[in-house]
Amino acid sequence: MATTDTEIDRTNPPEVDGQVSNEAADSTFAEVENEDRALPAIEFQDVHLSFDGRKILDGLSFKVMKGECKIILGGSGGGKSTTIKLVLGLLKPDSGRIIVNGDDITDYSEAEMMHVRKRFGMIFQEGALFDSISVYDNVAYRLHEQGVPEDEVEQEVRRMLRFVNLEDAIDKMPAELSGGMRRRVGIARALVGGPEIVMFDEPTAGLDPPTARTICELAIKLRDLEDVSSIFVTHEMNNIEYITGEYAAVGDDGEVIFEAEGKNLCLINTKILMLRDGNIIFSGTDEQIKKTEDPYIKKFLRGR
Amino acid sequence: MNFAIRSLLEVQETSLLVAQAARRLFRRPSYITEMLAQMDVIGVGSLPIIFLTGFFTGGVLTLQTFPTLKSYGAQDQTGYLVALSLVRELGPVLTALMVTGRVGSAISAELGSMVVSQQIDAMRALGTDPVRKLVAPRLLALLLMMPLLTVTADVFGIIGGGTVATMLYGMAPETFVSSVRFGITSNDLIGGILKPLVFGLIIGSISCQKGLGTDGGTVGVGRSTTSAVVTASIVVIIADFFLAKALQVILDMPK
């Protein structure tokens with residue numbers, strides 16, 4: 001049976017324990033405190049979807065608040081990637097509503113969705129780079145489509161490639177890049193234009209641990225330094241450790257540093273949602289998921 | 001789903017795709033560079049095979065018809081017969097079949113690979129309409145290039161026929177040329193240009209629809225490419241029959 005966030009909030013204690021965390025939250029959101037943060041960036045209301053008679057999503061309801069990173073966990077075929085495609089309007093639900101920044105996009109036409117998608121960034125499993133054009137043109141794609149002058153395009157492309165640490169690869173073709181580099185280019189391409197909502201579709205699958213770590217750091221930077229709302233689909237446990245356990249800050253020398261949450265600070269802007277056969281079987285924080293007694297979740301977390 | 005319903009559904013999807021492409025053709029941003037690139041690939045790139053196909057088809061027509069016409073004492077009409085066969089039928093149909101094999105398969109494979117590697121989804125996620133960016137320029141390029149390629153095939157076919165007639169059968173070049181000039185009417189030429197326009201639409205729409213409808217990974221790309229070539233070839237040949245009949249009626253040609 002599907003559970004909604006509101007129901008879970010009632011059954012589970014609030015994740016934040018004590019005054020310190022609220023202070024931490026205040027400092028994280030200090031720059032944007034005037035914005036209406038009560039409005040969810042993404043909201044699913046009882047979304048159903050089936051393909052050829054097989055249920056993919058069975059009454060999915062959840063919210064992603066502004067500046068929040070929602071990690072969607074689950075085994076293969078559990079409906080994780082489908083959820084992301086629904087947010088982007090690449091698929092349409094059979095029933096239920098999908099609301100983005102307060103606008104109900106469920107019945108939007110493809111032309112209307114094109115405008116909504118301008119506020120999104122999407123990182124695909126294998127990068128999904130356009131392999132007939134160079135890294136530069138891939139990253140510049142959105143700006144070229146909007147007819148931005150070339151010198152501005154180059155500036156922005158270089159800035160984004162620096163963000164993912166790949167400025168050297170600017171003139172290469174996608175076929176010349178390794179798997180991890182392709183995904184980082186994919187991230188740079190998705191982030192051009194400063195999207196408000198970014199979606200990661202298993203961005204670390206099949207990558208070596210240091211590259212996977214780099215990609216998680218990018219997600220943390222987006223969440224903590226750029227105030228981006230995000231959905232991070234994964235089934236790798238170390239991704240969750242990184243994203244739920246660390247935060248990014250700008251150090252004294254201007255460098256970005258990553259620090260582990262400790263006794264003084266508990267990250268409240270990252271939550272976990274676990275799907276199984278199109279239903280939500282868990283929604284809460286990393287601390288809560290580790291304490292759960294559900295045998296399926298325990299097996300999923302520990303591998304046995 | 002049985003074959004008839006599946007076919008009807010495919011016809012519906014292909015027609016919808018063409019309608020969408022036509023509606024979005026003139027919206028901004030325009031993809032003129034993309035279209036010119038496609039015209040180069042489809043038109044200039046196909047010239048060598050069209051040249052060879054045309055030349056040798058014309059040659060073999062002369063080879064087969066000259067002895068027969070000679071037995072009736074009508075060998076002076078060889079040029080007329082070769083040119084008429086080429087302009088009315090063989091030029092448009094053979095060009096269409098060659099372009100299907102070369103361009104239709106490439107379009108379907110390219111779009112199919114883009115679908116399975118999520119590039120089409122990425123394009124939509126980045127706010128670009130794949131129908132406008134990928135389908136419309138290819139369709140338009142095919143519509144513009146098919147008549148030009150057909151004319152090329154006709155011309156090289158007549159040259160091939162003339163070469164065989166003069167070199168192998170010792171016919172005077174002037175006799176061949178004048179039988180071509182006085183045999184072909186403007187209605188034959190109009191029909192010979194209208195057909196490839198329709199064939200271009202058939203090849204473009206079927207290969208784009210098959211490519212975008214790809215599923216099932218790399219195996220699916222192979223399947224949709226084969227299906228695009230087979231379907232487009234068959235539809236071209238069937239459409240040719242009905243077009244020939246329609247042109248006979250419309251242009252008031254001898255039935």
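**Reading an interface and a sheet**

Modeller: Let's start with the contact between the two chains: 18 residues of chain A meet 16 residues of chain B. Keep in mind that this is a predicted model.

Biologist: Happy to. How much area do chain B and chain A bury between them?

Modeller: About 1600 Å², with 55% of it on carbon and sulfur atoms. On the chain B side, B:Gln118, B:Arg124 and B:Leu126 supply 39% of the area buried against chain A, more than any other three residues.

Biologist: Which salt bridges should I look for across the interface?

Modeller: The rule finds 3 between chain B and chain A. One to pick out is B:Asp121 with A:Lys85, where the closest N and O atoms are 3.5 Å apart. Helix H4 (residues 119-125) of chain B gives the largest share of the side touching chain A, 6 residues. By class, that side has 7 nonpolar, 5 polar and 4 charged residues.

Biologist: Now the sheet, please. In what order do the strands of chain A run?

Modeller: The general idea is that strands of a sheet pair through backbone hydrogen bonds, either parallel or antiparallel. Here, 6 strands form an open sheet in the order E6-E7-E8-E3-E11-E12 (chain A), with mixed pairing. Its edge strands are E6 (120-123) and E12 (279-284) of chain A, each pairing on one side only. From one strand to the next, the twist averages 15°.

Biologist: Where can I see an antiparallel pair?

Modeller: Try E11 (residues 270-276) and E12 of chain A, which pair over 5 bridges. There, A:Met274 stands opposite A:Phe282 in E12(A). Helix H9 (residues 209-225) of chain A packs on the sheet, and E11 is among the strands it touches.

Definitions and conventions
Residues are numbered from 1 along each chain as its sequence is written. Chains are lettered from A and ligands numbered from 1 in the order in which they are written. This is a predicted model: local features need pLDDT of at least 70, side-chain atom pairs count only at pLDDT 80 or more; totals for chains, interfaces and linings use all residues. Side-chain values use heavy atoms; hydrogens and water are left out. Two strands pair if DSSP finds at least two bridges between them. Helices (H or I, at least four residues) and strands (E, at least two) are DSSP runs, numbered from the N terminus. Axes are lines fitted to C-alpha atoms, for helices over the stretch in contact, and angles run from 0 to 180 degrees between N-to-C directions. Contact means heavy atoms within 4.5 Å. Buried area is the accessible area (1.4 Å probe) that two parts lose on being put together, summed over both. A salt bridge is a side-chain nitrogen of Lys or Arg within 4 Å of a carboxyl oxygen of Asp or Glu. Ala, Val, Leu, Ile, Met, Phe, Trp, Tyr, Cys and Pro count as nonpolar, Asp, Glu, Lys and Arg as charged, and the others, Gly among them, as polar.
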